[in-house]
Amino acid sequence: MRYILPGLLKQTFMLSAILAICGLVLWQMIPYLSGMLGALILYVLMGNCMAKLVERGWNRTLAALSLIFLSFIAIFLPLIAIIFMLGGEIGNLADKIKLIERENPEWKDLNDG
C-alpha cells in the first residue's frame, strides 16, 4: 500500500490555497478592470508626448501634470457639452408632456396606474 508523503500533501494544499486566494482576488477586481484598461490606454497614448516634453527640457512632474490636465479636459469637455444639450431637450419634453396631459385628462389617468 502506497502512502502520500506528508511534505507533498502540505505543498499541494498550500498551492491550492494560494491559487484559490488569487482567484478570489481576481474575481473581486472585475469591477475595476475598465478603469485599469483606461489607465493603460492613456499611458500608451501619452507616452510619446511625455517623452517629447522631457526631451524639450520640461520637468517630469510638470509634464505629467499638464498631460493629465489636458486628457481630463479632452475626456470631460464633450461629456459636459452633451449633458447641456440634452438638458434643454429634456426640459422641452417635460413641457410637451404637461401640454398633452392638459389636453387629454384620460391619458393622465392611464399613466397614473
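A residue counts as partly exposed when its relative accessible area falls between the buried class, under 20%, and the exposed class, over 50%. Keep that in mind as we walk through this model, which is a predicted one.

Let's start with the cysteines. C22 has a relative accessibility of 41%, so it lands in the partly exposed class. C49 comes out at 35%, and therefore counts as partly exposed too. If you're wondering about disulfides, the structure holds zero of them. As a reminder, a disulfide is a covalent bond between the sulfur atoms of two cysteines.

C49 is also a handy way into the next part of the structure. This cysteine sits in helix α2. Count along the chain and L67 is 18 residues away from C49, yet in space the two C-alpha atoms are 8.1 Å apart.

L67 brings us to the largest pocket, since this leucine is among the residues that line it. How much space lies in that pocket? About 210 Å³. To picture how such space is found, think of rolling a probe the size of a water molecule over the atoms, which shows where empty space is left. The lining is made up of L42, Y43, M46, G47, M50, A64, L67, I68 and S71. Two elements, α2 (33-55) and α3 (60-103), each give two or more residues to that lining. Of the contributors, α2 gives the most, with five residues. And what sort of chemistry would you meet in there? Seven of the lining residues are nonpolar and two are polar, while no charged residue takes part. Glycine is grouped with the polar residues in this scheme, in case you were puzzling over where G47 from the lining belongs.

Now move along to the aromatics. The structure holds one aromatic pair. Its partners are F72 and F76, with ring centres 4.7 Å apart and planes at 55°; that angle falls between the stacked limit of 30 degrees and the edge-to-face limit of 60, so the pair is tilted. Why are these two rings about one helical turn apart? Because F72 and F76 are four residues apart in helix α3. Are they buried or exposed? Neither, quite: F72 has a relative accessible area of 48%, so it is partly exposed. F76, at 38% relative accessibility, counts as partly exposed as well.

Definitions and conventions
Residues numbered from 1 in each chain as written. Predicted model: local features only at pLDDT ≥ 70, side-chain atom pairs only at ≥ 80, totals over all residues. Heavy atoms only, no water. 1 Å grid on protein atoms, 1.4 Å probe; cavity = no way out; pocket = protein on both sides within 12 Å on 5 of 7 lines; lining within 4 Å. Points joined across faces, edges and corners; volume = space filled by probe spheres on them. Phe/Tyr/Trp six-rings, centres within 6.5 Å; stacked < 30°, edge-to-face > 60°. Buried < 20%, exposed > 50% of the residue type's maximum accessible area, 1.4 Å probe, protein only. Disulfide = S-S within 2.5 Å.
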